[in-house]
Amino acid sequence: MKKQFIVAGAMLSAGLAAQAAVTYINSDISTSTTLPKLGAGDYYSLTNQVYVLPGATLTIEAGALFKSDLGSLAVSRGAQIFVQGTKDEPVIMTSVGDDFTNWREAANEWGNLTICGNGLISASAYGGVAVTNDMGVVNPTQPTGAANRTMEGLSAAFPGDTRHYYGGNNDNDDSGSIQYLSLRYGGKVIGLGNELNGLSLGGVGEATDIDYVEIMNNVDDGIEIWGGKVHLKHVSIWNIGDDSFDIDQGWRGRAQFGLLVQGYSLNASQGSGVGDNAFEHDGAEQSDAQPVTTAEIYNFTVIGQPDGDHGTTWRDNARVQYRNCIWMDLGEDLVKNDNSDGDGGAGYGFNGTLSWAAIWATSYTQVPTNAVGVPTWNLYTAQSEGYLAQITDSVFYNNLKASAYTTAYSVGVTNAANNNVIAASSPIQSITRAAPVVKGGKVMTRVTYLNPCANNDAATSSRVAPKNGFYSQAAYKGAFSPSYNWLAGWSAADQFGMIDTSMNAAPTVSLDLGASVSFQSELGVSYTVQFRADLMNPWTDLDTVEGTGEVINYVDVGLSNSGFYQVVLN
């Protein structure tokens, strides 16, 4: 077992002018470790595949910068990671070639972030061959908790190595939390047989928190989830070399507020540098196994490529609900029935599973049973209404392929009851594309500037997400309200000048005497109320308040402060 080994070294140019100080991380993290923000321009560098080992916690403080040209970071089962970025000081993991000013056609320059959890997964077979777990036993087809599997892109470094396995029997597993993390130019594999995704989540449990994550340029998928019940909020995925958001092996979670912008990262084939599908979801490795993907997704904005691929592809009994979303500029179909993933598994309707048509007409309350016929409802709690597969309250715009809506029409997506709109006007406020170029044999028109805020038919919605402790009740379609861009400040998209943030005005504040502050809030936006006793003292945080779209009157419950209040956007 390797011990943690972190080495600091100062880099000097040939002219002996001082350059950034580099702290090298070149061995596994076996004891709980905190990585603080370093000095201006200084950074951490992963020099190989580094694991956070079981029992250890890695805390990465706000403003920490990673620049690597070789290594990758993985969190093993039983370990935790806490990424504590903020809007003003995100954690950035990127390559040494990132100048933090200009977007580049690049990827495959370092590895990725992988999290392996103990949640239930479905991995009984792959490529028509039975899969064995870390004990050398064939994975079961039923959710006994014995199924686990090696993570894509990782492999054993020595006999008996299990650091790279994911899956177990605890859907409530806690792998830590991630907030305000930007992952850029990744996907590189060192001595392994396949490519890494920007963020890989294998069997990650529901107690794990993931909010404000960006993947900019990756050679493989942007985010891929294998099983588990992890939820995600505020994700931005741009210029990915394969699928933007890939789901597999029985994910049963929720996601809200996501931006998927299809494009390219490298001049390589589609799937290895040029974007493939926006959403790709598989149910289970064999479609009659359990758990099967059964998820719910609210408020995503999907911006395709005119010569790109599908908005959603469906395989192996997958069941997903999309609500309050924007689907625009797709190159092919909004809904594509791929049936099976081509790896030897069977598709919809196999061995008593629901047919393709049936999943679009069957209530979410229809749940599978285990081997002895006992319902397994506790595994499938992400959905709370409607049908097992559904697209509702969404806007479709500029999807020009002749068959763009053919399959969607066949399963009722365009029925009036679903409240979807094929719009004549753009559902976002503006988009600018570069001149067409050929990349990987596809004609690409990269998005260079974007105001993704809701517009026209997307500006309002009669549906809001349920109040269940996870969702925000956003009465608009897509990932952004009409007047707030949550990518401001922390993202590469903002740093590279690719998004409009001019609408993000400071809240209008009126003060009451010494004890309260009133301000106009924006739905889905977080605010911090601050106080200082006089002009000589610094501001101190009193509370964090979630915007409702209404005027909020915040009362200082202590009623003891006499001084000044202000409200700032988070």
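The accessible surface of the chain in this predicted model adds up to about 20400 Å², and carbon and sulfur atoms own 51% of that area. Turning to what sits under that surface, buried residues make up 58% of the 570 residues. The C-alpha atoms fit in a box of roughly 75 × 60 × 50 Å along the principal axes. A compact globule with 570 residues would have a radius of gyration near 25 Å, and the chain comes in at 23 Å, so the two agree.

As for what the chain is built from, the tally is three helices and 41 strands. Contacts reach far along the sequence: of those with a separation of 6 or more, 69% are between residues 24 or more positions apart. On the charge side, there are 28 positive and 56 negative side chains, yet the centres of the two sets lie just 1 Å apart.

Now for some individual spots, starting with N112. This asparagine sits in the loop between β10 (91-95) and β11 (113-116). Despite the loop address, N112 counts as buried because its relative accessibility is 0%, against a cut-off of under 20%. Two side-chain polar contacts involve N112: one of 3.2 Å with the side chain of T114, and one of 3.4 Å with the side chain of S200. S200 also turns up in the list of residues that N112 touches beyond four places in sequence, together with S72, L73, L196, N197 and G198. Q49 is 63 residues away from N112 along the chain, but their C-alpha atoms are separated by 9.6 Å.

L232 belongs to strand β20 (residues 232-240). With a relative accessible area of 1%, L232 is buried. Setting aside residues up to four places away in sequence, L232 touches L201, I210, I223, I225, F245, W251, R254, A255, Q256 and F470. G253 is 21 residues from L232 in sequence, with 8.1 Å between the two C-alpha atoms.

The same strand, β20, also holds N239. What stands out here is the backbone: phi of N239 is near 50°, a positive value in a residue that is not glycine. Most residues other than glycine have a negative phi. N239 is buried too, at a relative accessible area of 0%. Another asparagine with positive phi is N324, where the angle is near 60°. N324 is in the loop between β26 (319-323) and β27 (326-328), and with 0% relative accessibility N324 counts as buried.

One more backbone oddity concerns a proline. The peptide bond joining Q290 and P291 is cis, with omega at about -5°. Most peptide bonds are trans. P291 is placed in the loop between β23 (279-282) and β24 (294-303).

Finally, there is a charged residue to look at. R315 lies in strand β25 (residues 312-315). Its relative accessibility is 13%, so R315 counts as buried, since the cut-off is under 20%. Leaving out neighbours within four places in sequence, the residues in contact with R315 include E280, D282, D338 and D341, with Asp and Glu counted as negative. Also among the contacts of R315 are H281, G283, N339, S340 and Y348.

Methods:
Residues are numbered from 1 along each chain as its sequence is written. This is a predicted model: local features need pLDDT of at least 70, side-chain atom pairs count only at pLDDT 80 or more; totals for chains, interfaces and linings use all residues. Side-chain values use heavy atoms; hydrogens and water are left out. Helices (H or I, at least four residues) and strands (E, at least two) are DSSP runs, numbered from the N terminus. Buried means under 20% relative accessible area, exposed over 50%, partly exposed in between (1.4 Å probe, protein chains only). Contact means heavy atoms within 4.5 Å. A polar contact is a pair of N or O atoms within 3.5 Å; within protein, one must be able to donate a hydrogen and the other to accept it, and residues adjacent in sequence count only if both atoms are side-chain atoms. The radius of gyration is taken over C-alpha atoms; the globule rule is 2.2 Å times the number of residues to the power 0.38. Accessible areas come from the Shrake-Rupley method with a 1.4 Å probe; for residues, only the protein chains shown count as cover. The place of a charge is taken as NZ of Lys, CZ of Arg, CG of Asp or CD of Glu.
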